[in-house]
Amino acid sequence: MAALVRYNVEGSVARLTLDSPDNRNALSTALVDQLHQGLTAATEEAGVRVVVLGHTGGTFCAGADLAQASSGADPADVAADRARELTRLLRRILELPVPVIAAIDGHVRAGGLGLLGACDIGVAGPSSTFALTEARIGVAPSIISLTLLPRMTARAAGRYFVTGEKFGPAEAADIGLVTIAADDVEATVTTLAAEIGKASPQGLAASKALTTAPLLAAFDRDAEALTRQSAELFVSEEAREGMLAFLHKRPPNWVR
């Protein structure tokens with residue numbers, strides 16, 4: 001199997017690099033599995049105090065891999081499986097005993113925004129762009145709302161969830177989506193990782209758990225309902241029209 005996620009350790013830092021630029025680091029089942037493997041390796045590696053989640057190419061992550069085929073399967077079942085796959089990944093990042101830093105200098109969309117929201121710290125470089133365009137194709141940011149709504153200001157969520165506007169790193173920092181808008185992502189991440197590296201394993205795990213407890217509680221309460229909503233929207237007629245319009249670069253039939 002091709003390596004879609006690169007893993008390496010430098011001192012107290014485990015780096016997971018999304019390395020599938022040809023499909024914009026889309027969340028295929030293979031890539032998600034390799035991310036889980038990398039997260040497991042990081043927690044088992046003696047001395048690791050922080051995980052840095054980065055990317056190759058001009059896109060951090062574009063979300064679900066729409067080209068992933070499941071021949072013969074019911075589309076609603078496939079959509080629900082993909083939604084549960086994403087939910088498990090986001091929850092895994094939240095419950096990891098070490099903090100995760102998202103190191104981003106590229107485009108972030110759909111499930112990629114969910115990944116960013118699950119990370120404890122987000123650093124965004126000058127090439128970063130963000131947009132929640134789900135409503136434009138007839139779906140909603142159902143699953144990723146679990147990690148985005150606790151991070152973003154309520155006013156910002158109320159705007160960007162429905163407008164689909166694109167915005168940059170400074171705005172992302174202002175609304176709480178990222179922690180730092182940085183001119184030099186690598187230097188900023190290195191400084192943060194060095195500070196985290198001074199913490200004890202027990203202190204680090206307990207301190208992170210204080211910040212993630214509300215998000216994990218929301219997962220346990222809402223994830224299954226949001227999974228059903230995501231799957232139902234994805235196989236609806238409006239979503240089919242929206243995706244066809246997107247692929248054919250034409251307005252959907254609800255735009256006059």
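How do the axes of helix α1 and helix α2 cross, and within what distance do they come? In this predicted model, the axes of α1 (residues 29–44) and α2 (residues 75–95) come within 11 Å and cross at roughly 20°. Angles under 35 degrees count as roughly parallel, so that is the label for α1 and α2 here. As for handedness, the crossing of these two helices is left-handed.

Which residues do the meeting? On the α1 side they are T29, V32, L35, H36, L39 and T40, and on the α2 side R82, E85, R88, L89, R92 and I93. It's a mixed bag chemically: the contact of α1 with α2 divides into five nonpolar, three polar and four charged residues.

Next up, the aromatic rings. A search of the whole structure turns up two aromatic pairs. One of them is F130 with F167, a stacked pair whose ring centres sit 5.7 Å apart, with 25° between the planes. This pair ties together distant parts of the chain, given that its two members are 37 residues apart. F130 comes from strand β8 (residues 129–131), while F167 belongs to the loop between α5 (154–163) and α6 (169–174). As for exposure to the surroundings, F130 and F167 are both buried. F167 also pairs with Y160: their ring centres are 4.3 Å apart and their planes lie at 35°, so this pair is tilted rather than stacked. Y160, like F167, is buried. Put the ring pairs together and F130, Y160 and F167 are linked into a cluster.

What about S142, buried or exposed? S142 sits in the loop between β8 and α4 (145–148), and its relative accessible area is 3%, so it counts as buried. Leaving aside residues up to four places away in sequence, S142 touches L226, Q229, S230 and L233.

E237 tells another story. This residue lies in helix α9 (residues 237–248). With a relative accessible area of 62%, E237 is exposed. Its C-alpha atom is separated by 8.5 Å from that of G138, although E237 and G138 are 99 residues apart along the chain.

Finally, a look at the backbone. Most residues other than glycine have a negative phi, and that is why a positive value catches the eye. Where do such values turn up here? R24, which is not a glycine, has a positive phi of about 60°. R24 is located in the loop between β2 (13–18) and α1, and with a relative accessible area of 40% it is partly exposed. A110 is another residue other than glycine with a positive phi, in this case near 45°. A110 is found in the loop between β6 (107–109) and α3 (111–118). At 23% relative accessibility, A110 also counts as partly exposed, given that buried means under 20%.

Methods. Residues numbered from 1 in each chain as written. Predicted model: local features only at pLDDT ≥ 70, side-chain atom pairs only at ≥ 80, totals over all residues. Heavy atoms only, no water. Axes fitted to C-alpha atoms, helices over the stretch in contact; angles between N-to-C directions. Helix = DSSP H or I, 4+ residues; strand = E, 2+ residues; numbered from the N terminus. Parallel < 35°, antiparallel > 145°, perpendicular 65-115°, else oblique. Left-handed = near helix turned anticlockwise from the far one by under 90°. Contact = heavy atoms within 4.5 Å. Nonpolar A, V, L, I, M, F, W, Y, C, P; charged D, E, K, R; others polar. Phe/Tyr/Trp six-rings, centres within 6.5 Å; stacked < 30°, edge-to-face > 60°. Buried < 20%, exposed > 50% of the residue type's maximum accessible area, 1.4 Å probe, protein only.
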